[in-house]
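Please examine the structure below alongside the explanation that follows it. The text moves outward from a single residue to the sheets, the metal site and the charged pairs.

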Amino acid sequence: MKSFKDLYKNSDNKITGIAAAPGIVIGKAYLFSKEKLDINKSPITDIDEAIKNFREALKQSKKELNKIFGIAREKMDEVRAAIFEAQLMILDDPILLQNIEKRISDERVQPEFIVSNEISRYQELMIISHESYMKERAEDIEDIKRRIIRNLQKKRWQSKIEKDLIVVSESLTPADTLLFSRQETRGFVTDHGGLTSHAAIISRSLNIPAVVGTHDATQLIKEGDTIIVDGFNGYIITDPTEEQLVFFKEKQNKLLELQKGLEELKDRPAITKDGREINLEANVDVTGEIDMVITSGAKGIGLYRSEQILNELGAFPDEEEQTMIYSKLASRIYPRSCTIRVFDIGGDKFRLVKYKEPNPFLGLRGIRFLLENVSLFKTQIKAVLRASENKNIKMMIPMVSTLDEVWKSLKIIQECKAELKKDKIKFDNQIKIGIMIEVPSAAVMSKEFAGEIDFISIGTNDLIQYLMAVDRGNDLVSDLYQEFSPVVIRTIDHIVKSAKQSKIPISVCGEMAADTLAIPLLVGLGLDSLSMSPTTILYAKRIIRNFEYKKAKILAEDCLLCKTEIEIQKKVKKFFDDNNITRTRNII
Ligand code: PEP
Ligand code: MG
């Protein structure tokens, strides 16, 4: 039998993209290509007739979108469904509509040409933007343009395909994604789009595995080809060999096997056999995942990545808007608690065009950005405070590297509290303020940091990246991205001991907590809480309920003496075998 690497990572029939929605599917490809827009620019004589046609096309387009909006509300939560509401609002935009009508009468050419030209102008502005969010919204607008033009040309609305196929397309609009999902589509693959594209967000909400941003999947995959989509790792295997099919079917079966009996654990505690309870919480990236937190059996939200709001909205919401978002979140999750991380802007996330940085990961990111933009920071702090009235919100600061940053932040938080008090606005005056440790300098000084704040959460995604000097998103050096490196384990141990000395809670909220293989070691190192993707919570619970804390502590002590990643991995795997726990990594 060939190794995992030969069958998979190093195989030459693999297409790499971005893992947008988890799961593994095997099926036949359906190449969805949008009809080429054929636009007629011929002159017209009857202006009234042309404007009447345009208004009718608009009415029909609204009718279609309203139908889609209705389906979206049935299948998804309100926030996700609002994508379509936003499209409907564009169809009501008086400036756009007046411009189109005026140009039809001034230029006396077919309305379809004016519509295409006018909407394309908006799109171009969005496409040249540096923000990935804006680029992706340009694709949503493409849907509106095509819809109006199709209705002007009186062509039928084709949204049905055969059942059980994997849709492969250059790009997918939110409406395509939603409508295909009704045909029991098994998966999505696109050439374009990123994690924040609406197609990706909708696939996650609907639980349909998806890989986006492959660049050339539509060139490499042919209609009817059998393909495998791995939405966990962002790979597509084309024309799989017999061995690969067997390998992935086994993975699918293992996944099904692992899912058995999980539901029963939902309301049980994550407690070791000898009685140490671990607080399992959920990481939330997009608002649509809040429902999943509630059904996942998580104790609360250990990391709310608030910068995602900026990706979703494309702008900084004001204090009122943010207060509404956080209050809604707090009340949805109540009586559980929610740790809101203030905007972690920069790096590969939401960035402002005004900062041109050659090395964004080492640049103005997280707290560094917020201290440069104090008024934005204060707006967010006040909104978080205002939403904290029911005492179930904590606030967390990302990318801290010096004590000075903590002192400055605490001072600004005090100022915000004073201003709210002056305005007689209620909030939780005892709100817990914590930091993320994800930069080596903060890890080294964790004792001193622990004396200043209420809790620490270790962000292993960045901590490993910065400890090992390895870009977390670069495939070329991914072998060096070692969560079981002795460097990582010893650093976590140091941070845990610092937190314990100051008697403050300590958690991990990076992907390492979601790597089920790492859980006994993290528990043995003394972590109180682990925060992970909601889909991993029950798997983690089952593992924790199957070993003794005292044995995990011995495992951790042994691992702290190791010199290489391999040695640690061996010990961890042996721990699983000795305790009869099914060994899994990242679920699959
Ligand atoms: C981390 O760095 O581990 C973390 C949780 O933050 P993010 O992945 O959002 O950078
Ligand atoms: Mg981070």
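Ile-544 has a relative accessibility of 0% and counts as buried (buried means under 20% relative accessible area, exposed over 50%, partly exposed in between, with a 1.4 Å probe and protein chains only). This residue is found in helix α22; helices (H or I, at least four residues) and strands (E, at least two) are DSSP runs, numbered from the N terminus. The model is a predicted one, in which local features need pLDDT of at least 70 and side-chain atom pairs count only at pLDDT 80 or more, while totals for chains, interfaces and linings use all residues. Residues are numbered from 1 along each chain as its sequence is written, chains are lettered from A and ligands numbered from 1 in the order in which they are written, and side-chain values use heavy atoms, with hydrogens and water left out.

Leaving aside residues up to four places away in sequence, Ile-544 touches Ala-270, Ile-271, Thr-272, Lys-273, Ile-278, Leu-280, Ile-519 and Val-523, where contact means heavy atoms within 4.5 Å. Its helix, α22 (residues 537-544), lies across β9 (279-284) and β16 (529-532) and runs at about 160° to β9. Such angles run from 0 to 180 degrees between N-to-C directions, with axes fitted as lines to C-alpha atoms, for helices over the stretch in contact.

The strands β9 and β16 belong to a closed barrel of eight strands, β9-β10-β11-β12-β13-β14-β15-β16, with parallel pairing. Neighbouring strands of this sheet are turned by 25° against each other on average, direction ignored. Two strands are taken to pair if DSSP finds at least two bridges between them. In general, strands of a sheet pair through backbone hydrogen bonds, either parallel or antiparallel. Within the barrel, β14 (residues 455-458) and β15 (residues 506-508) pair in the parallel sense over three bridges, and Ile-456 has Ile-506 in β15 as its bridge partner. The C-alpha atom of Ile-506 is separated by 17 Å from that of Ile-544, 38 residues apart along the chain.

Which residues have the most contacts inside the largest nonpolar core? They are Ile-456, Leu-521 and Leu-530, in a core of 98 residues. A nonpolar core is a set of buried Ala, Val, Leu, Ile, Met, Phe, Trp, Tyr and Cys residues joined through side-chain atoms within 4.5 Å. The residues touched by Ile-456, not counting those up to four places away in sequence, include Ile-435, Ile-437, Ile-495 and Ile-506. A second, separate core of 53 residues includes Phe-69, Ile-119, Leu-178 and Ala-210.

Another eight strands form an open sheet of mixed pairing, in the order β1-β8-β7-β3-β4-β5-β6-β2. Its edge strands, β1 (14-16) and β2 (18-21), each pair on one side only. The twist averages 30° from one strand to the next. Strands β3 (residues 24-32) and β4 (residues 166-169) pair in the parallel sense over four bridges, with Ile-166 in β4 as the bridge partner of Ala-29. Helix α7 (residues 174-181) lies across β3, β4 and β5 (187-190), at about 150° to β5. Helix α10 (residues 242-259) lies across β3, β7 (226-230) and β8 (235-238), at about 115° to β3.

The magnesium ion (ligand 2) has as its protein donors Glu-438 (OE) and Asp-462 (OD), lying 2.0 to 2.2 Å from it. Glu-438 is in the loop between β13 (432-437) and α17 (440-444), and Asp-462 is in helix α19 (residues 460-468), 24 residues apart. Donors are N, O and S atoms within 2.8 Å of the metal (3.2 Å for Na, K and Ca); water is not among the atoms, so sites may look incomplete. Both Glu-438 and Asp-462 are buried.

The structure holds 33 salt bridges, each defined as a side-chain nitrogen of Lys or Arg within 4 Å of a carboxyl oxygen of Asp or Glu. In one of them, the closest N and O atoms of Glu-307 and Arg-341 are 2.5 Å apart. Because Glu-307 lies in helix α12 (residues 307-313) and Arg-341 in strand β11 (residues 337-341), the pair ties together parts that are 34 residues apart in sequence. Glu-307 is buried, at 1% relative accessible area, and Arg-341 is buried at 2%. Arg-365 and Asp-344 also form a salt bridge (2.9 Å, N to O), and Arg-365 and Asp-344 are buried. Glu-307, Arg-341, Asp-344, Arg-365 and the magnesium donor Asp-462 are linked in a network of salt bridges.
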